[in-house]
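This report introduces a structure to a reader who has not met it before. Please view the sequence and the model together while reading.

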Amino acid sequence: MDPHLLRTFVAVLDHRSFSGAAAALGYTQSAVSQHIAALEADLGARLVERRPVAPTPAGVRLLEHAPALLLRLDAARADLARLHQARPSQLTLACSPAALGPVVARALAALRADSAALDLEVRVLGRDAVLAEVVTGRADLGLVDGAAAPSDPLPMPDLGPTTTLAAAEERLSVLLPHGHPLAPRRSVRLTDLAQAHWIDAPDTAVPLDRLRAVCRTEGFRPRLRHRGTDPHGLAALVAAGHGLAALPWSMGAALPDVTAVPVAEPRLVHRTELVHPVHPSAPARQLVDLFTGQAADGA
């Protein structure tokens with residue numbers, strides 16, 4: 001299967017447009033049409049309906065595989081590039097919003113104190129984007145977060161030659177408006193809120209599908225969808241009564257106009273994990289050592 005054709009297929013369905021995919025990929029619209037026709041001929045199935053542009057049942061199946069296949073190809077290219085593209089004075093860290101906490105900030109400060117000339121960049125992205133940045137070499141290491149049972153790892157896709165390790169655990173909390181009947185409580189049972197209104201904010205809060213999985217329920221249905229990485233914007237929506245969200249307690253307690261109430265049942269924590277290539281750069285390795293050392297000390 002030609003990866004160039006597969007990349008065009010994904011772009012067409014992402015944009016729901018042949019012309020939009022052509023503009024994004026730098027091709028002519030005719031070339032995009034030829035790519036889709038060639039892929040359909042190779043696989044012996046019609047993949048894309050033309051008017052309107054949408055996946056056929058076969059296209060839906062292929063779309064379940066295509067992003068992961070393309071990501072692994074990009075990861076292989078990045079892994080080889082690391083062999084001859086040392087960046088001893090540069091470091092790019094990609095973080096999901098709730099993973100960028102005080103421990104990380106202090107580790108970065110210690111790193112800068114040891115390497116004053118370091119060119120440091122921190123990118124705040126959604127979880128999937130963080131992982132993509134790391135495996136494709138656009139970031140030297142990443143931090144992602146989520147809900148899990150104590151000491152359990154976060155569920156991760158197949159990331160190829162990478163290393164994942166625990167960085168931090170803290171209480172998981174539910175973000176409530178100040179006037180919510182449960183706001184004065186010292187803790188809540190998450191399953192009691194399964195039928196409440198929720199905000200689906202997968203790039204900022206714990207994704208609702210993850211809450212359904214850990215609570216083994218079909219609840220936690222969204223009343224509103226939030227796309228972005230701004231916790232203050234999410235808190236404003238919670239405060240206005242649009243729905244609830246799950247965040248680490250330290251982040252929730254620092255947000256204005258909302259109350260963060262810790263989750264007592266089921267036994268869950270907010271977990272942060274560090275992801276980096278098997279052979280990280282020297283600044284990345286130094287940051288890993290600093291960060292994990294601070295986390296172990298309970299900083």
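## A surface patch and an enclosed cavity

In this predicted model, a nonpolar patch on the surface is formed by Met1, Leu43 and Leu69, which together have about 270 Å² of accessible area. One of these residues, Leu69, belongs to helix α4, which covers residues 57–81. Is leucine 69 buried, partly exposed or exposed? Its relative accessibility is 41%, and because the partly exposed class lies between the limits of 20% and 50%, leucine 69 counts as partly exposed.

The interior is considered next. Searching the whole structure reveals two cavities of 30 Å³ or more. The second largest cavity has a volume of about 40 Å³. Its lining consists of Leu93, Val104, Ala107, Leu141, Leu143, Leu274, Leu287, Val288 and Phe291. By class, this lining divides into nine nonpolar residues, no polar and no charged ones.

The table lists the elements that each supply at least two residues of the lining of the second largest cavity.

| Element | Residues |
|---|---|
| α5 | 102–114 |
| β5 | 141–148 |
| α10 | 282–296 |

Of the elements contributing to this lining, α10 provides the largest share, with three residues.

As for the overall architecture, the protein chain contains ten helices and twelve strands. Its C-alpha trace spans about 60 × 50 × 30 Å along the principal axes. The protein chain has 299 residues, of which 43% are buried.

Definitions and conventions. Residues are numbered from 1 along each chain as its sequence is written. This is a predicted model: local features need pLDDT of at least 70, side-chain atom pairs count only at pLDDT 80 or more; totals for chains, interfaces and linings use all residues. Side-chain values use heavy atoms; hydrogens and water are left out. Patches are made of residues with over 30% relative accessible area and no salt bridge: like charges are joined within 9 Å, nonpolar side chains (Val, Leu, Ile, Met, Phe, Trp, Tyr) within 5 Å. Accessible areas come from the Shrake-Rupley method with a 1.4 Å probe; for residues, only the protein chains shown count as cover. A salt bridge is a side-chain nitrogen of Lys or Arg within 4 Å of a carboxyl oxygen of Asp or Glu. Helices (H or I, at least four residues) and strands (E, at least two) are DSSP runs, numbered from the N terminus. Buried means under 20% relative accessible area, exposed over 50%, partly exposed in between (1.4 Å probe, protein chains only). On a 1 Å grid over the protein atoms alone, a cavity is a set of points where a 1.4 Å probe fits but cannot get out, and a pocket is an open set with protein on both sides within 12 Å along at least five of seven lines; lining residues have an atom within 4 Å of a point. Grid points are joined across faces, edges and corners, and a volume is the space filled by probe spheres set on the points. Ala, Val, Leu, Ile, Met, Phe, Trp, Tyr, Cys and Pro count as nonpolar, Asp, Glu, Lys and Arg as charged, and the others, Gly among them, as polar.
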